[in-house]
Amino acid sequence: MHQRILVLDLGSRFTQLIARQVRGAGVYAQILPVTNMAAVNQSLAQPGLAGIILSGSDALDDAADAPSVPSVVFDARVPMLGIGYGMHAMALHYGGQVTLNANLVAQTGISSVSGKQLAATVRARGHTKLLDGIQDRSNQAGHGLLDVSLAAVGCVTQLPPGFVRMASTELCDIAGMADQERARYGAQFHPEVAGTTQGNRIVHRFVRELCGCTGDWNMPDYVEESVAAIRNQVGDDTIILGLSGGVDSSVAAALIHRAIGKQLVCVFVDHGLLRLNEAEQVLDMMGDHLGINIVHVDASDQFMQHLTSVTDPEAKRKIIGREFIEVFQEQASKISDARWLAQGTIYPDVIESAASGSGKAVAVKSHHNVGGLPDTLNLKLLEPLRDLFKDEVRELGISLGLPPAMVHRHPFPGPGLGVRILGEVRRDYADTLRRADAIFIEELHNTLDPDRNQSWYELTSQAFAVFLPVSSVGVTDGGRRYEPVIALRAVETTDFMSARWARLPYELLERVSTRIISEVGGVSRVVYDISGKPPATIEWE
């Protein structure tokens with residue numbers, strides 16, 4: 001059993017970032033919401049627990065619905081790190097005091113905005129084990145300084161007995177605290193946020209040195225463990241898997257095939273909303289190259305019929321998910337010994353669809369592969385990637401021998417172009433969009449950034465075209481046209497929870513626009529989306 005760090009989610013939008021930092025240190029991180037104490041108690045009792053991190057929270061300390069941390073968590077005899085609100089919960093439990101940050105209110109007027117982050121400089125004090133030797137620079141007196149993202153609406157104003165001040169800043173005198181005898185550490189700042197430049201070192205120090213983790217979470221071992229687990233779980237049963245052509249389902253298929261070979265039957269459903277030539281590429285790579293048994297189903301007529309006149313984004317997602325299950329039921333009925341349905345569900349899917357499991361966050365959209373299966377399917381569920389983040393899935397794909405070009409493809413939504421065609425989905429709209437999208441992706445691949453010696457496809461995290469349900473006047477060969485508009489979207493992100501729009505070269509955008517209007521036909525105008533996340537989402541629907 002792997003050593004693990006329990007990340008207790010108190011309702012923060014940054015909880016996944018904490019877990020990713022822990023995983024980056026080679027240690028398994030398990031996220032559990034404080035609202036699910038049955039699961040938390042089970043985790044506390046299981047072998048392998050090496051440490052606990054209390055996340056921040058988007059709630060105010062004195063709010064009626066502010067989360068509380070039960071005493072059983074603090075009774076655990078493992079090192080603990082409280083971040084932001086987590087530090088406050090720790091201080092209160094051990095007898096300290098937390099109050100509204102009067103300095104912050106006076107300087108900024110902020111008094112009731114939860115989750116507010118401010119750039120600040122923190123002075124490390126006391127040379128505690130957590131921060132010893134970690135700094136961005138030093139002041140004239142030789143004190144170590146850290147540039148951080150500070151959670152500053154509330155602050156610890158009185159240390160609990162046994163704790164010493166670990167860090168301070170002008171906005172918050174107690175910006176960090178520590179009781180090294182009990183291995184309890186608190187940080188008012190967020191090491192998981194990009195604004196804290198030494199954040200990775202701090203989390204690495206906590207999990208590897210203070211918690212004593214050896215870094216036994218690595219992909220080669222994970223492959224062998226997963227193969228053994230799949231064989232043990234399914235025995236001689238047959239598994240069917242929905243192969244979409246995306247990274248998650250492709251890696252899941254390769255992993256299961258490694259474990260049970262011909263017992264895996266992949267069902268590749270062409271719903272008419274795939275990228276250009278995607279069906280041929282999937283069948284060639286996964287079928288001909290890897291030897292996976294694939295059933296190809298062209299269900300585009302079925303999907304298009306049910307999507308007629310439907311414009312609501314969530315309704316479209318549900319229709320596509322429902323029809324996908326119906327296709328599976330039909331295929332499963334033809335495979336008499338099928339007992340399992342495998343899905344490429346990954347950890348962020350589970351967390352986001354459950355609104356972080358804390359009851360404090362808002363589910364932005366449903367995930368088509370999360371939430372269980374209808375009873376009529378009569379298949380058990382296998383999710384071999386359920387504990388992995390996206391970058392770990394890509395690493396696993398490389399370990400399984402999938403080509404880098406497939407593994408490092410940009411994310412593609414389960415409903416396909418159905419959520420990139422705004423408004424009603426029509427076959428001719430899909431044909432137009434997939435051709436425009438292919439041109440955009442081709443030019444990103446072919447355009448090199450000389451300063452970084454990488455293509456713009458590599459430099460962007462996700463890029464795609466969107467079909468807009470509006471028409472615009474255009475002129476071609478002296479004739480007036482009134483035709484649809486294509487929007488281009490490209491973002492840069494490390495975690496897909498926040499993103500900035502990619503600063504693509506004007507020459508690249510001009511080339512893409514010219515090609516789409518002249519080669520695709522039926523498009524009068526091309527625009528570029530310069531919205532960040534937040535407030536916008538990455539996908540338009």
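**Exercise 1. The two sides of helix 2**

Task: In this predicted model, find which residues of helix 2 (residues 37-45) are buried and which are exposed.

Solution:
- Step 1. Start with the buried residues: in helix 2 these are Met-37, Ala-39, Val-40, Ser-43 and Leu-44.
- Step 2. Now look at how they sit around the helix. The arc they cover around the axis is only 155 degrees, so they lie on the same side of helix 2.
- Step 3. Turn to the other side of helix 2, where Ala-38 and Ala-45 are exposed.
- Step 4. Finally, ask what covers the buried residues of helix 2. The cover includes strand 1 (4-9), strand 2 (28-33), strand 3 (49-54) and helix 3 (71-74).

**Exercise 2. Cysteines, paired and unpaired**

Task: Search the whole structure for disulfides, then work out what Cys-213 does.

Solution:
- Step 1. The search of the whole structure gives 1 disulfide. Its partners are Cys-155 and Cys-172, with 2.1 Å from S to S; the cut-off for a disulfide is 2.5 Å.
- Step 2. Place the partners along the chain. Cys-155 belongs to strand 9 (residues 154-158), while Cys-172 is in the loop between strand 10 (164-168) and strand 11 (176-179), so the bond ties together parts that are 17 residues apart in sequence.
- Step 3. Check their surroundings: Cys-155 and Cys-172 are both buried.
- Step 4. Compare Cys-213, which is in no disulfide. Its nearest cysteine sulfur belongs to Cys-211 and is 5.4 Å away. Since a disulfide needs sulfur atoms within 2.5 Å, this pair does not qualify.
- Step 5. Is Cys-213 buried or exposed? Its relative accessibility is 4%, so Cys-213 counts as buried. Cys-266 is buried too, with a relative accessible area of 0%.

**Exercise 3. Reading an open sheet**

Task: Give the strand order of the open sheet of 5 strands, name its edge strands, and describe how helix 9 packs on the sheet.

Solution:
- Step 1. The order is 15-14-13-16-17, and the pairing is parallel.
- Step 2. Look for strands that pair on one side only: these edge strands are strand 15 (293-298) and strand 17 (380-382).
- Step 3. Consider the twist. Ignoring direction, neighbouring strands of this sheet are turned against each other by 30 degrees on average.
- Step 4. Zoom in on one pair. Strand 13 (residues 238-242) and strand 14 (residues 264-270) share 4 bridges in the parallel sense, and Gly-242 stands opposite Val-267 in strand 14.
- Step 5. Add the helix: helix 9 (residues 278-289) packs on the sheet and touches strand 14 and strand 15. The direction of helix 9 makes about 165 degrees with that of strand 15.

Definitions and conventions
Residues are numbered from 1 along each chain as its sequence is written. This is a predicted model: local features need pLDDT of at least 70, side-chain atom pairs count only at pLDDT 80 or more; totals for chains, interfaces and linings use all residues. Side-chain values use heavy atoms; hydrogens and water are left out. Buried means under 20% relative accessible area, exposed over 50%, partly exposed in between (1.4 Å probe, protein chains only). Two strands pair if DSSP finds at least two bridges between them. Axes are lines fitted to C-alpha atoms, for helices over the stretch in contact, and angles run from 0 to 180 degrees between N-to-C directions. Contact means heavy atoms within 4.5 Å. The arc is that of the directions from the helix axis to the C-beta atoms.
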